[in-house]
Amino acid sequence: MESITGLLNSITAFFTAPSVHGAYDIMNAFNTLVWGPPMVIILLGLGIYFTFRLNFLQKYTWRAMKLSVKKVDSEGMVSSFGSLAVMIGATVGTGSIIGVTTAISEGGPGALFWMVVAGFFNFAIKYCECLVSFKYRVKLPHGEYVGGPMYYLSRVLKLKWLAVIFAVGTLLMGLTAGSALQSNSIADALREGYNLNPWYMGILVALATAVVIIGGVKRIAAYSEWLVPIMGGMYLLLAIVVICMNFAKIPDAIILVLKSAFTGKAVAGGAVGVGILALFKAMIPALSAGVTRAVLATEAGLGSASMAAAAAKTRSATQMAIVSATSVFWAIFICMMTGTVIVLAGDWANPNVYAANLCNSAFKTVPYIGTPILIFSLVIFSFTTIIGWGYYTEKALQFLKGEKLIKYCRILFIILVAVGGGIGTSFTWDFTIADSLMRTAEANNSTRFMWSLVIFTMTMMTVPNIWALWCLRKVIIKNTTKHIKIIVGKVPPPDDYNPR
C-alpha cells in the first residue's frame, strides 16, 4: 500500500511541477512497486521450478563451455561461440560492474548474496528462453535466421499483442540500457579516473559504435569474439589482486554479506527490528536490489539473449540453449568478484560515493595499474554491451515490420550513445574538467536516473517473456529430457538420433 501511495504522490508532484527529478521519482516509485516482492517471487520461483524440473542443468556448465568452441557445420548466421560472445558481450556489461555497485549502495552488501542466488537459478531461465527461441526460429526470405520471445509469443502461443509489447520494450531497452546507459557509464568512469569531459567521451564512443553496428551481426560477432576474452581476463586478474591484498578481511566480509542479506543494509549500524515481519521488511531492499541487478547482469528473464541464440550455426536447440546458459555463469562470477572487492574496500556505505567512483575507490588500492585497468575493462565491457544491444534493437524493429527504418534507428541509437555520455551533467567546451563535489554529485544523479529508466523499461520485456516460458514449460521439459544427456556427452546417441 505504501508503494502505491508513493507512486501516486510522485505522479501528482510531477504534474504540479514537471522536472527531471520528478520523472526520476515516478520511475523509482514504479520500480519499487513492481520490482518488490511480487516480481522477486515470480522470477526466483520460475528459476527454482525449471532448475528442479530440468534436474539441475547447472551441473553441465563445464561441458557446455567445451561445446561452445566446437565447430558445427549447420545453417545459421554465426558460430556458436560467436553467438555466445555476442550474449556475453551484451550481458557482461555495466550490469556486472556498475550494476553491482548500485545494488550494494542501495541494498547493502546483502544484495550481493541475492545476486548470486538469483544468478544460479537464472541459469535455467536463460537455458529455457534460448531453447524455445532456437526451436521456433524463423528463416527470412533473404536467408537470415531470426528468433526471440516476440516470435514464440506470436507464432506458437498466438499472443501477438504480447509479442508487440515485448518488441517495443526491447526497442526502448536498447535505446536506454543498450546505448545511453552504457555510454554514461564509460564517460563517468573516464571522468572519475582522468577528469575527461563526459560529453566528448560520449561522442568518441558513438563514433566507434557506428563503425561496428553498421556492419551487422557478423561484424558484431567478430568484434565480440576477441574483445570479450580480453576484457574478462584483465578485469578478473585485477579483482583477484585486490582480493589477495585484502585477504585477511575476507572472513569479516563474508559474515557482513550474509548478515546483511537477511537483516538489511542497517546491519552495519546495528540490529533491525524483531520478528518475522520486521525481518522480511529488512530483507526487501537487499533482495529486490540483488534480484533486479541479477536480471540486468545476466539478461535471464529479459529474453534478449535468445535473439542471438537464434542466429547460431547449430543443429540442436538443446545444444545452443545449454551453451547460451553459460553466459550466466560468467556474468555472475564477475558480479561476485566485483561485489567482493566493493565490500572489502568498505566505501559502499558512503552516500557520496556511487557507481564508477565507488568502483574506482576500491580498485585504485592497486598502485599504478588499478585505475587504468578498471577504466579499460569498464570501457570494453560497456562497448561490447552497446554493440550487442544494437543488434537486439534492430531485431525488435524488424519484427515490428520496420525494416525500412533500421538505418534511421541506427542513427538514433548512435546519437543516444553520444548524448548518454554527458546526460545529467553540465556542458563545457573544455576537454578535461576540474574534479569537484558538484560534478561528482551530478554524475551520481545522472547514473541513478539512467538506472531507474532502465529498470522501468525492462518490465515490458520481462513480464511477456516469463509468461511465455511458463506456457511452454512442457515443450522445454520434453525437449530437455530427450536430448540433454546426449548433447553433453553423458550417454552415446542412438543410431537413428536426430538432434533437432
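Student: Where is Asn55 found?
Tutor: The model is predicted: local features need pLDDT of at least 70, side-chain atom pairs count only at pLDDT 80 or more, and totals for chains, interfaces and linings use all residues. Residues are numbered from 1 along each chain as its sequence is written, and side-chain values use heavy atoms, with hydrogens and water left out. Helices (H or I, at least four residues) and strands (E, at least two) are DSSP runs numbered from the N terminus. In that numbering, Asn55 sits in the loop between α3 and α4 (61–68).

Student: Is Asn55 buried or exposed?
Tutor: The backbone of Asn55 has a positive phi of about 55 degrees, although Asn55 is not a glycine. Relative accessible area sets the class: under 20% is buried, over 50% is exposed and anything in between is partly exposed (1.4 Å probe, protein chains only). Asn55 has 52% relative accessibility, so Asn55 counts as exposed.

Student: What is the phi of Lys158?
Tutor: Lys158 lies in the loop between α8 and α9, and α8 is followed by Lys158. Its relative accessible area is 63%, which means that Lys158 is exposed. Lys158 is not a glycine, yet its phi is positive, about 60 degrees.

Student: How many of the eight residues of helix α8 are buried?
Tutor: Helix α8 covers residues 149–156 and is largely enclosed by the rest of the structure. The buried residues are Pro149, Met150, Tyr151, Tyr152, Leu153 and Ser154. Out of eight residues, the number buried is six.

Student: How far apart in space are the C-alpha atoms of Thr170 and Tyr392?
Tutor: Thr170 is part of helix α9 (residues 160–174), and at 0% relative accessibility Thr170 counts as buried. Leaving out residues up to four places away in sequence, Thr170 touches Met307, Trp389, Tyr392, Thr393, Ala396 and Met461, where contact means heavy atoms within 4.5 Å. Thr170 and Tyr392 are 222 residues apart in sequence, but C-alpha to C-alpha they are separated by 7.3 Å.

Student: How many salt bridges are counted?
Tutor: A salt bridge is a side-chain nitrogen of Lys or Arg within 4 Å of a carboxyl oxygen of Asp or Glu. Lys395 and Glu144 meet in one, at 2.5 Å from N to O. Glu394 and Arg410 meet in another, also at 2.5 Å from N to O. By this rule the count is two.

Student: How many residues apart in sequence are the parts tied together by Lys395 and Glu144?
Tutor: Both residues of the Lys395–Glu144 pair are buried. Lys395 lies in helix α18 (residues 370–399), whereas Glu144 lies in the loop between β1 (138–139) and β2 (145–146), so the pair ties together parts whose separation in sequence, in residues, is 251.

Student: Which helix holds Arg410?
Tutor: Both Glu394 and Arg410 are buried. Their salt bridge links distant parts of the chain, 16 residues apart, with Glu394 in helix α18 and Arg410 in helix α19.

Student: Which residues make the nonpolar surface patch of about 470 Å²?
Tutor: Patch members have over 30% relative accessible area and no salt bridge; like charges are joined within 9 Å and nonpolar side chains (Val, Leu, Ile, Met, Phe, Trp, Tyr) within 5 Å. One member of this patch is Ile415, found in helix α19 (residues 406–422) and partly exposed because its relative accessibility is 45%. The full set is Leu405, Tyr408, Ile411, Ile415 and Val419.

Student: At what angle do the axes of helices α6 and α7 cross?
Tutor: Axes are lines fitted to C-alpha atoms, for helices over the stretch in contact, and angles run from 0 to 180 degrees between N-to-C directions. The axes of α6 (residues 98–107) and α7 (residues 110–135) come within 7 Å. The crossing makes α6 oblique to α7, since angles under 35 degrees are roughly parallel, over 145 roughly antiparallel, 65 to 115 roughly perpendicular and the rest oblique. The angle is roughly 130 degrees.

Student: What share of the residues in the protein chain is buried?
Tutor: The protein chain has 21 helices and two strands. Among its contacts between residues at least 6 apart in sequence, 84% join residues at least 24 apart. Of the 500 residues, the buried share is 60%.

Definitions and conventions
Accessible areas come from the Shrake-Rupley method with a 1.4 Å probe; for residues, only the protein chains shown count as cover.
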